Amino acid sequence: MTTPATDDAPTPAEGRRSWLRDHSELGVCVLLLALGVLVLTDALTMDVDIAQRGPVGPRTVPVVVGGGLLVVAALLAVDVLRGGRGQAETGEDVDLSEPADWRTVLLTGVFLGAAVLVEPLGFPVAGALLFWGAAFALGSRRPDRDPLIAAVLSFVTYAVFDHLLGVPLPGGPLMGVL
């Protein structure tokens with residue numbers, strides 16, 4: 001004779017979901033762990049010429065950062081498994097009746113666009129787009145002046161970093177012309 005199932009007893013799948021919901025901060029631990037492993041792997045497989053190294057080589061900072069990420073991930077995981085919880089968001093003074101701030105979205109798009117375009121177009125062109133887009137997103141509406149200032153600022157920045165400071169920046173297709 002079998003007894004009917006009660007509605008009060010959780011199923012094993014519901015129990016797992018509840019445990020994961022209660023320990024959701026472990027997702028941050030996994031993210032930090034993956035990022036730390038990525039940074040350490042990249043740093044330790046870096047091709048370094050022994051003649052170019054000084055007392056502190058190019059691997060030092062990435063190894064310290066990667067190790068720090070692993071330590072923070074482990075400490076956070078221990079804290080979460082011992083019952084530690086992050087504090088709930090108390091909220092901000094946000095008026096939800098106001099429209100979205102599209103200027104911030106545009107500015108983010110300008111930065112991402114410049115990061116994507118710097119390799120194929122070179123720093124002078126991508127930098128000019130970045131400077132002009134940032135000026136536009138921040139409120140400047142001078143189409144006669146802003147692109148010219150952005151281009152001059154970008155080329156001056158390229159020249160200072162590439163020629164005076166010795167920091168190589170991608171020149172792109174325009175550098176064959178100029």
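Guide: Welcome! Buried means under 20% relative accessible area, and exposed means over 50%. Please keep in mind that this is a predicted model.

Visitor: Thanks! Which residues of H2 are buried?

Guide: Helix H2 covers residues 26–44. Going by that cut-off of under 20%, the buried residues in H2 are Leu26, Cys29, Leu32, Gly36, Leu40 and Ala43.

Visitor: How wide an arc do they cover around the axis of H2?

Guide: Residues three or four places apart in an α-helix point the same way, because there are 3.6 residues a turn. The buried residues sit on the same side of H2, since their arc around the axis is only 110°.

Visitor: And which residues are exposed on the other side of H2?

Guide: Exposed calls for over 50% relative accessible area. On that other side, the exposed residues are Val30, Leu31, Leu38 and Asp42.

Visitor: Is serine 24 buried, partly exposed or exposed?

Guide: Serine 24 belongs to the loop between helix H1 (12–22) and H2. Its relative accessible area is 46%. Values between 20% and 50% fall in the middle class, so serine 24 is partly exposed.

Visitor: How far apart in space are serine 24 and valine 80?

Guide: In sequence, 56 residues separate serine 24 from valine 80. From C-alpha to C-alpha, their distance in space is 8.7 Å.

Visitor: Is H4 roughly parallel or roughly antiparallel to H5?

Guide: Helix H4 (residues 102–121) packs with helix H5 (residues 123–137) at an angle of about 175°, and their axes are 8 Å apart. Angles over 145 degrees count as roughly antiparallel, so H4's direction relative to H5 is roughly antiparallel.

Methods
Residues are numbered from 1 along each chain as its sequence is written. This is a predicted model: local features need pLDDT of at least 70, side-chain atom pairs count only at pLDDT 80 or more; totals for chains, interfaces and linings use all residues. Side-chain values use heavy atoms; hydrogens and water are left out. Axes are lines fitted to C-alpha atoms, for helices over the stretch in contact, and angles run from 0 to 180 degrees between N-to-C directions. Helices (H or I, at least four residues) and strands (E, at least two) are DSSP runs, numbered from the N terminus. Angles under 35 degrees count as roughly parallel, over 145 as roughly antiparallel, 65 to 115 as roughly perpendicular and the rest as oblique. The expected span of a helix is 1.5 Å times one less than its number of residues. Buried means under 20% relative accessible area, exposed over 50%, partly exposed in between (1.4 Å probe, protein chains only). The arc is that of the directions from the helix axis to the C-beta atoms.
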